[in-house]
Amino acid sequence: MFLTLALLRKGIPGKQWIGKYRRPRQITWQMKRNMVKHLEREAENEYWISRPYMTPEQEHGHAAERRAQAWLKIKETKFNNFPEHKTLSDHLSHLKITKTW
């Protein structure tokens, strides 16, 4: 079927760059160069990821102190933003405008 379409028709039906029967794109030397650079970068990343900086024993709990300090700082800032306590008389003081009774 595809051979028949290719032989009997002049070109690609519809838009030539999109669709099921689209025109294949030409591969340029820039595309090849960019792909090689991308693959080299990926290989280097895999190399560095495969070699850990710390041993599992060193890694276990190494950031506990820093996390505790950060949590205390967050808790302290939340506490400082909390409004001060008010008594019931402060809330109802607007009702004592006149004491005629």
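1. Let's start with the overall layout. Going from the N terminus, the elements of the protein read α-α-α-α-α. In other words, you should find five helices and zero strands when you look through the structure.

2. Keep in mind that this is a predicted model, so check the confidence before you get into details. The mean pLDDT of the protein is 86, with 89% of the residues at 70 or more. Among the elements, helix 2 (residues 29–50) has the highest mean pLDDT, 97, while helix 1 (residues 2–8) has the lowest, 68. A general word of caution goes with that: where pLDDT is low, don't read the predicted coordinates in detail.

3. How much of the protein counts as buried? Just 1% of its 101 residues do. The accessible surface of the protein adds up to about 11100 Å², and carbon and sulfur atoms account for 60% of that.

4. Now have a look at helix 4, which covers residues 64–81. This helix has 18 residues and spans 26 Å from its first C-alpha to its last, close to the 26 Å you'd expect at 1.5 Å a residue. Helix 4 is also hardly covered, as the count of buried residues among its 18 is zero.

5. Stay with helix 4 for a moment, since that is where you'll find Ile74. Together with Trp71 and Leu72, Ile74 makes a nonpolar surface patch of about 320 Å². Why does Ile74 count as partly exposed? Its relative accessibility is 43%, and partly exposed runs between the 20% limit for buried and the 50% limit for exposed.

6. Last stop: the aromatic rings. The structure holds one aromatic pair. The partners are Tyr47 and Trp48, with ring centres 5.0 Å apart and planes at 80 degrees, so this pair is edge-to-face. The cut-off behind that label is an angle over 60 degrees between the planes.

7. Are the two partners equally open to the outside? Take them one by one. Tyr47 has 40% relative accessibility, so Tyr47 counts as partly exposed. Trp48 has 54%, so Trp48 counts as exposed.

Note on methods. Residues are numbered from 1 along each chain as its sequence is written. This is a predicted model: local features need pLDDT of at least 70, side-chain atom pairs count only at pLDDT 80 or more; totals for chains, interfaces and linings use all residues. Side-chain values use heavy atoms; hydrogens and water are left out. Helices (H or I, at least four residues) and strands (E, at least two) are DSSP runs, numbered from the N terminus. The expected span of a helix is 1.5 Å times one less than its number of residues. Buried means under 20% relative accessible area, exposed over 50%, partly exposed in between (1.4 Å probe, protein chains only). Patches are made of residues with over 30% relative accessible area and no salt bridge: like charges are joined within 9 Å, nonpolar side chains (Val, Leu, Ile, Met, Phe, Trp, Tyr) within 5 Å. Accessible areas come from the Shrake-Rupley method with a 1.4 Å probe; for residues, only the protein chains shown count as cover. A salt bridge is a side-chain nitrogen of Lys or Arg within 4 Å of a carboxyl oxygen of Asp or Glu. pLDDT is the predictor's confidence in each residue, from 0 to 100. Rings of Phe, Tyr and Trp (its six-membered ring) pair if their centres lie within 6.5 Å; planes under 30 degrees apart count as stacked, over 60 as edge-to-face and the rest as tilted.
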